[in-house]
Amino acid sequence: MDISLGDIFVVFKEVSQHSPMSFINSIGDIDLSIPSNTNADIELSIRGGELFTDHTLVPVEVPKKEEEKTRTSNFINAKLNKGGVSITIMTSRGDVLLRKQ
């Protein structure tokens, strides 16, 4: 899902381990509710906002080539539970809310 202006609000009952997802927003918040038993590799990039979550995210070391992202934004690469499907979340001017469903 990719939008330029406005908020993204998505509630998942189940997350497929076969379909990577991305949520990209230029101006606005991204609010995702994901079941607590979801296994995922999460990549977050937040400029001009904050991350709010009640999930336990385990940080993963950022490869050297990714270091430039950390200089220009709040970049987080993490595992949710055991890790699994790729979920990319990026916003330029907004908050990210990653909630337990």
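Ser33 has its place in strand S4, and in this predicted model the residue serves as a convenient entry point to the sheet and to the chain as a whole. With a relative accessible area of 5%, Ser33 falls under the 20% limit and is therefore buried. Leaving aside its neighbours within four places in sequence, Ser33 is in contact with Val10, Val11, Phe12, Arg99 and Gln101. One of these residues, Val11, has Ser33 as its bridge partner in S4.

**The open sheet**

The pairing of S2 with S4, which runs in the parallel sense, extends over 4 bridges. Both strands belong to an open sheet of 4 strands, whose order is S2-S4-S10-S6 and whose pairing is parallel. S2 and strand S6 (51-53) stand at the edges, and because each has a single partner strand, one side of each is left without a neighbour in the sheet. From one strand to the next, the twist averages 10°.

**The nonpolar core**

The largest nonpolar core holds 21 residues, of which Phe23, Leu32, Ile34, Ile42, Ile87 and Ile89 touch the most other members. Each of the strands in the table below supplies at least two residues of this core, and the largest share, 4 residues, comes from S5.

| Strand | Residue range |
|---|---|
| S2 | residues 8-11 |
| S3 | residues 21-27 |
| S4 | residues 30-34 |
| S5 | residues 40-46 |
| S8 | residues 74-80 |
| S9 | residues 85-93 |
| S10 | residues 96-100 |

S2, S4 and S10 thus appear both in the order of the open sheet and among the strands that supply at least two residues each to the core. The surroundings of Ile42, one of the core members that touch the most others, can be given in detail: once its neighbours within four places in sequence are set aside, Ile42 is in contact with Ile76, Asn77, Ala78, Leu80, Ile87, Ile89 and Leu98. Among these contacts, Ile87 and Ile89 are themselves listed with the core residues that touch the most other members.

**The chain overall**

The chain has 1 helix and 10 strands, and from the N terminus on its elements run β-β-β-β-β-β-β-α-β-β-β. Of its 101 residues, 38% count as buried. Where contacts between residues at least 6 apart in sequence are considered, 66% of them join residues at least 24 apart. The accessible surface of the chain comes to about 6,100 Å², and 49% of this surface belongs to carbon and sulfur atoms.

Definitions and conventions
Residues numbered from 1 in each chain as written. Predicted model: local features only at pLDDT ≥ 70, side-chain atom pairs only at ≥ 80, totals over all residues. Heavy atoms only, no water. Core = buried A, V, L, I, M, F, W, Y, C linked by side-chain atoms within 4.5 Å. Buried < 20%, exposed > 50% of the residue type's maximum accessible area, 1.4 Å probe, protein only. Contact = heavy atoms within 4.5 Å. Pairing = 2+ DSSP bridges. Axes fitted to C-alpha atoms, helices over the stretch in contact; angles between N-to-C directions. Areas by Shrake-Rupley, 256 points an atom, 1.4 Å probe, with all protein chains shown as cover.
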